[in-house]
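Biologist: Please take a close look at a single part of this model, the strand pairing and the nonpolar packing around it, and describe how that part relates to the rest of the chain.

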Amino acid sequence: MLPRFRFLFVIVLIALGAALWWLPRLLYGPEVAVLKLAPHPLTQTIVTTGHVSSAEESRLGATLTGRVLATPVAEGAAVAAGAVLLVLESDEVQAQLAQAEGNAHEAAATQAEAERQFSRQHGLLAQGFISRAALDAEDKKVQLARARVAVTQAAVTAARARLEQTRILAPAAGRLIAREVEVGDVVSAGKPVLTFAAAGKTEIRLDVDERYLAQLKVGQVAKVAADAWPDAPFAARLVRIAPQVDLERGTLEAILLPDTLPAFLTHNMTVSAEIVVARKAAALTVPAAALFERGGKSWLWRVQDGKAGQVAVVTGMVADGMAEIKSGLAAGDLVVLPGAPALSSGDKVRVKEQG
């Protein structure tokens with residue numbers, strides 16, 4: 001009898017436990033997790049990627065066609081204004097300069113002799129030994145000699161200018177970003193072969209999806225992090241928005257300027273940026289997943305007086321999975337959180353408030 005009694009006792013305990021578990025649900029409904037609405041700060045951001053760029057980037061090339069003789073500056077090196085970035089072979093140009101200088105020296109000597117002869121003839125005219133016509137002839141020789149000196153000096157200046165053109169110089173202090181030729185390559189006149197970034201302002205160029213164009217405004221703040229240094233974010237500000245959208249990619253370019261330039265930031269470095277496009281100090285927010293759509297409106301389940309009911313709401317900005325409730329609910333209302341059992345309007349529920 002004793003084992004049978006024990007068996008019945010266990011059955012009774014199980015039945016009692018089941019009754020205690022089901023009774024509250026039958027009397028008071030299922031337990032649901034709720035959020036008590038209260039104002040909280042809400043910040044909406046746009047997250048995108050881009051790269052570091054110099055605000056003054058230029059493409060440099062030679063004005064002469066020639067073979068590369070030397071590349072004294074390595075890619076990525078910082079240089080002062082006027083530094084030699086690339087040297088072309090100059091033997092022919094130097095020969096032209098030497099010839100021009102020789103011609104100039106000869107012309108100068110001819111001019112000096114013509115002026116000496118003119119001075120002598122002038123004295124002879126004063127003594128009556130020669131005619132005025134003879135002096136005028138000497139004067140013409142002086143004028144021709146002076147003209148030849150001017151021509152030869154111009155040739156020297158032009159040759160020196162061509163010699164200078166065999167060197168490509170840094171237009172300002174900055175950094176040589178890229179070089180497309182090496183020693184021995186032939187450079188064509190007018191073809192850019194160097195990419196140079198002047199020192200100064202460094203920009204962050206972002207590719208932003210065109211869907212966010214209406215939300216972007218000059219002056220918005222952003223937090224930027226280089227992919228190589230993700231733990232060293234820095235502040236920046238939106239200073240320019242491109243006037244057109246890239247048709248193929250559906251993006252537009254947004255330009256940021258760092259508040260303080262990190263030392264590790266280099267040209268073309270990949271970065272991620274989070275632009276703050278809206279901010280509210282106090283907003284009623286609910287998890288966006290708690291909303292559902294019906295009839296073109298947004299709805300939520302609310303618990304009032306121990307019963308669940310649907311409430312139509314007007315939403316605002318959405319950020320970090322939280323949606324702003326602009327109307328339809330008030331502070332202190334209890335909103336049913338995602339994951340609740342199936343409900344019908346008017347159902348009794350037991351609330352379990354979440355933080």
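Modeller: Two strands are taken to pair if DSSP finds at least two bridges between them. By that criterion β11 and β14 are paired, running antiparallel over six bridges, and one of the residue pairs across them sets D207 opposite E253 in β14. β11 also pairs with β2, again in the antiparallel sense and over six bridges, and there S53 stands opposite E203 in β11. In the predicted model, β11 is mostly covered, six of its eight residues being buried.

The confidence deserves a word before the packing is read in detail. The mean pLDDT of the chain is 86, and 90% of the residues score at least 70. Among the elements, β12 has the highest mean pLDDT, at 95, whereas helix α1 (residues 2–28) has the lowest, at 54. Over residues 18–23 the pLDDT stays under 50, and for this stretch the model has one contact beyond four places in sequence.

As a general background, nonpolar side chains in soluble globular proteins tend to be buried together. The largest nonpolar core here holds 21 residues, and the members that touch the most others are I204, L206, L216, V224 and L256. Two or more residues come from each of β2 (39–54), β11 (202–209), β12 (221–226), β13 (229–241), β14 (251–258) and β15 (270–287), with β15 giving the most, namely four. Taking L216 as an example, and leaving out residues up to four places away in sequence, one finds that L216 touches I46, V208, L238, I241, L252, I275 and V277. A second core, separate from this one, has 17 residues, including L60, L86, I168 and A198.

Within β14, T251 is worth following on its own. T251 has a relative accessible area of 14% and is therefore buried, since the cut-off for that class is under 20%. Beyond its neighbours within four places in sequence, T251 is in contact with D207, V208, D209 and E210, as well as with V245 and D246.

A comparable reading can be made for M317, which lies in strand β18 (residues 307–319). M317 counts as buried because its relative accessibility is 11%. With neighbours within four places in sequence set aside, the contacts of M317 are L42, T43, Q44, A278, R279, K280, M322, A323 and E324. By contrast with these contacts, E353, which is 36 residues from M317 along the chain, has its C-alpha atom 24 Å from that of M317.

Elsewhere in the chain there is an open sheet of four strands, in the order β7-β6-β4-β9 and with antiparallel pairing. Its edges are β7 (167–169) and β9 (186–187), each of which has a single partner strand, so that one side of each is left without a neighbour in the sheet. Inside this sheet, β4 (residues 66–70) and β6 (residues 84–88) run antiparallel and are joined by two bridges, and V68 has L88 as its bridge partner in β6.

Finally, there is the largest pocket, which contains about 340 Å³ of space. Its lining comprises 21 residues, and those nearest its centre are R175, T202, L261, L265 and H267. At least two lining residues are supplied by each of β2, β5 (78–79), β8 (174–179) and β10 (192–198), and β2 is also one of the elements that give two or more residues to the largest nonpolar core.

Key:
Residues are numbered from 1 along each chain as its sequence is written. This is a predicted model: local features need pLDDT of at least 70, side-chain atom pairs count only at pLDDT 80 or more; totals for chains, interfaces and linings use all residues. Side-chain values use heavy atoms; hydrogens and water are left out. A nonpolar core is a set of buried Ala, Val, Leu, Ile, Met, Phe, Trp, Tyr and Cys residues joined through side-chain atoms within 4.5 Å. Buried means under 20% relative accessible area, exposed over 50%, partly exposed in between (1.4 Å probe, protein chains only). Contact means heavy atoms within 4.5 Å. pLDDT is the predictor's confidence in each residue, from 0 to 100. On a 1 Å grid over the protein atoms alone, a cavity is a set of points where a 1.4 Å probe fits but cannot get out, and a pocket is an open set with protein on both sides within 12 Å along at least five of seven lines; lining residues have an atom within 4 Å of a point. Grid points are joined across faces, edges and corners, and a volume is the space filled by probe spheres set on the points.
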